[in-house]
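Me: I would like to go through this model in questions and answers. Please keep the replies short.

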Amino acid sequence: MKGKSMKNKPVIPIPAIVGGSWRFEIDEIHPYSYAVDLFNKQECEQIIKIGEHLHQHPGTISSKEALNKKIRDSIVSWIYPGKESTWMFQKIVPTILELNKRFHKFDLTGLYEGFQFTKYRGPTGKYKAHTDRGYNVGIRKLSFAIQLSEGDSYKGGDLVFNDGSLIKLPRNLKNQGVLIAFPSFMIHEVKPVTKGTRHSLVGWVGGPNFK
């Protein structure tokens, strides 16, 4: 096939010139997004009941599945698609897709892992600063956490983010039934629960390699 060679003729992206910079695209990825009242009180209590009746074990860290309560002190169980849980997926997935479309804009292809039901019990329950990057699993792009406990039923246990400076969430995002989504590479932490028990449902949405 005849045609002109592109050799020595590189394609130069048309930039968005702002303030003297040469930008290909503008970064519009938000550090977090949220949906309030995703689940009502009865639904949250139902999820807690399901999670409590599944096999529970201490939460681990790192690719070696290490147990280190100085870093992570929690109890977890796993909820997969099934007769008792399909309704959860039917509510969560459309909400995640809408939040991603508006605030994160990742190329997502599905949930590669089950939902993790998590308990942080006072006075030591916590998970120190970490990211949700997975190893030897599908590529995690968007993480989410759903508040199952009533915010005033325990003390401490705040979810905080750090993208170079500490990001504290508004107090109303501690309300029961709230879903908070955030990039899985975002550094985040669950502060120590000093009294009571914090229940949450977390998950990770995957996709192809970042490019």
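Me: Is the crossing of helix 1 and helix 2 left-handed or right-handed?
Reply: This is a predicted model. The two axes, of helix 1 (residues 41-53) and helix 2 (residues 86-104), come within 11 Å. The crossing of these helices is left-handed.

Me: At what angle do the axes of helix 1 and helix 2 cross, and is helix 1 oblique or perpendicular to helix 2?
Reply: The axes cross at roughly 125°. Angles of 65 to 115 degrees count as roughly perpendicular, and those over 145 as roughly antiparallel. The crossing angle therefore makes helix 1 oblique to helix 2.

Me: Which residues of helix 2 meet helix 1?
Reply: Helix 1 contributes Glu-43, Gln-46, Ile-47 and Ile-50. Their partners in helix 2 are Trp-87, Met-88 and Lys-91.

Me: How many nonpolar residues does the contact of helix 1 with helix 2 have?
Reply: The helix 1 side is Glu-43, Gln-46, Ile-47 and Ile-50, and the helix 2 side is Trp-87, Met-88 and Lys-91. By class, one residue of this contact is polar and two are charged. The nonpolar count is four.

Me: How many strands does the secondary structure of the protein have?
Reply: The protein has 211 residues. Its secondary structure includes two helices. The strands number 15.

Me: Among contacts between residues at least 6 apart in sequence, what share joins residues at least 24 apart?
Reply: One pair with a long sequence separation is Glu-150 and Lys-41, 109 residues apart along the chain. Glu-150 touches Lys-41. For the protein, the share of such contacts joining residues at least 24 apart is 83%.

Me: What part of the accessible surface of the protein belongs to carbon and sulfur atoms?
Reply: Of the 211 residues, 42% count as buried. The accessible surface comes to about 12,900 Å². The carbon and sulfur part is 54%.

Me: Where is Asn-100, and is it buried or exposed?
Reply: Asn-100 is found in helix 2. Leaving aside neighbours within four places in sequence, Asn-100 is in contact with Lys-105, Phe-106, Leu-108 and Leu-142. Its relative accessibility is 7%, so Asn-100 counts as buried.

Me: How far apart in space are Asn-100 and Phe-182, C-alpha to C-alpha?
Reply: Asn-100 and Phe-182 are 82 residues apart in sequence. In space, the C-alpha to C-alpha distance is 9.1 Å.

Me: What is the phi of Lys-105?
Reply: Lys-105 is in the loop between helix 2 and strand 5 (110-111). It counts as partly exposed because its relative accessibility is 45%. Its phi is positive, in a residue other than glycine, and is near 60°.

Me: Is Asp-37 buried or exposed?
Reply: Asp-37 is found in the loop between strand 1 (33-35) and helix 1. It is not a glycine, yet its phi is positive, about 55°. Its relative accessibility is 61%, so Asp-37 counts as exposed.

Me: Is the peptide bond from Gly-122 to Pro-123 cis or trans?
Reply: Pro-123 is found in the loop between strand 6 (115-121) and strand 7 (126-130). Omega of the bond from Gly-122 to Pro-123 is near 10°. The bond is cis.

Me: Is Tyr-154 buried or exposed?
Reply: Tyr-154 is in the loop between strand 8 (140-147) and strand 9 (155-156). Beyond four places in sequence, its contacts include Lys-174, Val-193, Thr-197 and Arg-198. Its relative accessibility is 4%, so Tyr-154 counts as buried.

Me: What separates the C-alpha atoms of Glu-150 and Lys-41?
Reply: Glu-150 is found in the loop between strand 8 and strand 9. Not counting residues up to four places away in sequence, Glu-150 touches Lys-41 and Gln-176. The C-alpha separation between Glu-150 and Lys-41 is 8.5 Å.

Me: Why does Glu-189 count as buried or exposed, whichever applies?
Reply: Glu-189 is found in strand 13 (residues 187-190). It touches Tyr-127, Lys-128, Ala-129, Asp-158, Leu-159 and Val-160, not counting residues up to four places away in sequence. Buried means under 20% relative accessible area. At 18%, Glu-189 therefore counts as buried.

Terms used:
Residues numbered from 1 in each chain as written. Predicted model: local features only at pLDDT ≥ 70, side-chain atom pairs only at ≥ 80, totals over all residues. Heavy atoms only, no water. Helix = DSSP H or I, 4+ residues; strand = E, 2+ residues; numbered from the N terminus. Buried < 20%, exposed > 50% of the residue type's maximum accessible area, 1.4 Å probe, protein only. Contact = heavy atoms within 4.5 Å. Areas by Shrake-Rupley, 256 points an atom, 1.4 Å probe, with all protein chains shown as cover. Axes fitted to C-alpha atoms, helices over the stretch in contact; angles between N-to-C directions. Parallel < 35°, antiparallel > 145°, perpendicular 65-115°, else oblique. Left-handed = near helix turned anticlockwise from the far one by under 90°. Nonpolar A, V, L, I, M, F, W, Y, C, P; charged D, E, K, R; others polar.
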